[in-house]
Amino acid sequence: MTGSTPAPFTADDYRARMERAARDAADAGLAGLLVAPGPDMVWLTGYTPTAVTERLTVLVLAPGRDPVLVVPTLEAPDAEHATGAAALTLRDWTDGRDPYAVAAALLDDRGRFGISDNTWAMHLLGLQRTLPDSSYASLTEALPMLRAVKDAAELELLAAAGAAADATFEEIRKVTFAGRRESDVGHDLADLLRRFGHSQVDFTIVGSGPNGANPHHEVGDRVIRRGDMVVLDFGGLKDGYGSDTTRTVHVGEPTEEERTVHDIVRAAQEAGFRAVRPGVACQEVDRAARAVITDAGYGEYFIHRTGHGIGVTTHEPPYMIEGEEQPLVPGMCFSVEPGIYLPGRFGVRIEDIVTVTADGGRRLNDTTREMVIVD
């Protein structure tokens with residue numbers, strides 16, 4: 001792979017994110033945000049604890065106040081080295097002290113707070129016990145677009161991750177499929193993703209023949225045969241940002257029906273992409289792709305949403321699904337991945353990551369969407 005990695009995020013970048021998150025919380029009628037270790041904390045501070053344990057770690061953001069990271073004393077040295085630490089205050093607590101009292105001292109005792117979805121129940125219950133008049137809403141519910149709009153540096157990282165996934169596909173199409181197990185091809189995909197710069201492989205789906213009709217089959221011991229359609233869906237994290245792409249290949253020459261189904265999915269994926277532009281509701285992307293498949297008579301076999309957001313995780317808001325009226329905004333990134341799944345026979349899915357531009361959309365995956373014949 002060629003090309004330079006964007007400059008690392010700075011303390012000022014994290015400060016701006018925390019300030020924006022606090023403003024968004026106020027606009028949503030919240031007294032503040034409570035962020036546990038996980039993707040939201042990484043995005044806001046650059047801090048990832050070496051281990052997530054029963055000890056409370058929580059970032060407290062409130063409008064008009066400096067951000068505070070409550071952290072166990074034994075983990076404070078690591079927290080101090082996080083890039084975003086210069087933009088916040090550390091408040092440590094020692095074993096034997098009530099950590100919920102430490103956090104509660106920073107909160108409005110009657111406030112309503114957004115809290116990250118992956119917060120442990122014991123920590124939420126501990127806060128509720130300490131502040132019985134407080135209330136909480138998940139961040140996905142309260143601020144679903146918190147991480148949805150990417151800045152220029154984030155877009156560059158997502159584009160680099162997409163290019164690495166594309167390079168992986170270009171290599172995997174050269175390998176032998178017939179006579180090998182799905183798990184063998186899955187291992188090849190994982191190795192290639194790492195070779196092209198991924199530090200984390202989140203999934204390698206290899207759905208051959210009838211297994212391709214299960215959208216989340218992943219891999220199994222089935223031996224791939226000549227005549228099989230094979231769904232390849234793979235991705236992970238490169239430099240902290242996600243990739244996710246799907247292409248469906250065929251082992252040997254396909255039948256006319258298989259070509260037809262693949263062409264329908266390709267047309268649906270193109271229609272979904274063409275629907276992307278600022279101001280359009282997320283559901284319109286789903287509707288555009290779904291209409292093509294429904295009009296072709298396969299509507300009952302398209303059994304999932306058309307897309308999901310991507311960023312510091314491979315699945316996050318926004319979602320391209322019926323009922324989601326959130327308008328698209330330049331900088332949003334998400335998948336467009338319609339599919340047709342014929343039970344007991346085969347499946348087809350084609351997926352690109354797309355970002356919203358000022359006047360439309362831009363694909364972050366550029367491998368061919370035509371049917372690829374493999375050996």
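Select aspartate 239 and you are in the loop between strand S8 (229–238) and strand S9 (241–242), where helices (H or I, at least four residues) and strands (E, at least two) are DSSP runs numbered from the N terminus. The phi angle of aspartate 239 is near 50°, a positive value in a residue other than glycine. Aspartate 239 has a relative accessible area of 39% and is therefore partly exposed, given that buried means under 20% relative accessible area, exposed over 50% and partly exposed in between (1.4 Å probe, protein chains only).

Before going further, keep in mind that this is a predicted model, in which local features need pLDDT of at least 70 and side-chain atom pairs count only at pLDDT 80 or more, while totals for chains, interfaces and linings use all residues. Residues are numbered from 1 along each chain as its sequence is written, and side-chain values use heavy atoms, with hydrogens and water left out.

**The largest pocket**

Keep aspartate 239 selected and add Phe9, Tyr14, Gly240 and Tyr241: of the 16 residues that line the largest pocket, these five are the closest to its centre. The volume of the largest pocket is about 270 Å³. A pocket here is an open set of points on a 1 Å grid over the protein atoms alone, where a 1.4 Å probe fits, with protein on both sides within 12 Å along at least five of seven lines, and lining residues have an atom within 4 Å of a point. Grid points are joined across faces, edges and corners, and the volume is the space filled by probe spheres set on the points.

Next, colour helix H1 (11–27) and helix H2 (39–45), each of which supplies at least two residues of the lining. By class, the lining has 10 nonpolar, 4 polar and 2 charged residues, where Ala, Val, Leu, Ile, Met, Phe, Trp, Tyr, Cys and Pro count as nonpolar, Asp, Glu, Lys and Arg as charged, and the others, Gly among them, as polar.

**Two backbone stops**

Now move to glutamate 218, in the loop between strand S7 (200–208) and strand S8 (229–238). Glutamate 218 has a phi near 65°, a positive value in a residue other than glycine, and at 46% relative accessibility it counts as partly exposed.

Then select proline 317 and proline 318, which are joined by a cis peptide bond with omega of about 5°; proline 318 belongs to strand S12 (residues 316–320).

**Salt bridges**

Which side chains should be shown next? Side chains of opposite charge can pair when their charged atoms come close. A search of the whole structure finds 30 salt bridges, each being a side-chain nitrogen of Lys or Arg within 4 Å of a carboxyl oxygen of Asp or Glu.

Begin with arginine 345 and glutamate 257, whose side chains meet in a salt bridge at 2.4 Å, N to O. This pair links distant parts of the chain, 88 residues apart, with arginine 345 in the loop between strand S14 (339–342) and strand S15 (346–349) and glutamate 257 in helix H9 (residues 256–274). Arginine 345 is partly exposed at a relative accessible area of 41%, and glutamate 257 is partly exposed at 30%.

In helix H10 (residues 282–295), select arginine 287 and glutamate 284, which lie 3 residues apart, about one turn of the helix. Their salt bridge has its closest N and O atoms 2.8 Å apart. Arginine 287 counts as partly exposed at 35% relative accessibility, and glutamate 284 is partly exposed at 31%. From glutamate 284, a C-alpha to C-alpha distance of 8.2 Å leads to glycine 272, 12 residues away along the chain.

Is the next pair, arginine 363 and aspartate 352, buried or exposed? Both residues are buried, and their salt bridge brings the closest N and O atoms to 2.7 Å apart. Arginine 363 sits in strand S17 (residues 361–363) and aspartate 352 in strand S16 (residues 352–356), 11 residues apart. Extend the selection to Arg247, Glu270, Arg274 and Arg369, which are linked with Asp352 and Arg363 in a network of salt bridges.

**Last selections**

Select cysteine 333 in strand S13 (residues 333–336); at 0% relative accessibility, cysteine 333 counts as buried. Its C-alpha lies 13 Å from that of alanine 358, which is 25 residues apart from cysteine 333 in sequence.

Finish with methionine 122 in helix H5 (residues 121–130), which is partly exposed with a relative accessible area of 40%. Val52, Trp120 and Met122 form a nonpolar patch on the surface, with about 280 Å² of accessible area together. Patches are made of residues with over 30% relative accessible area and no salt bridge, like charges being joined within 9 Å and nonpolar side chains (Val, Leu, Ile, Met, Phe, Trp, Tyr) within 5 Å, and accessible areas come from the Shrake-Rupley method with a 1.4 Å probe, with only the protein chains shown counting as cover for residues.
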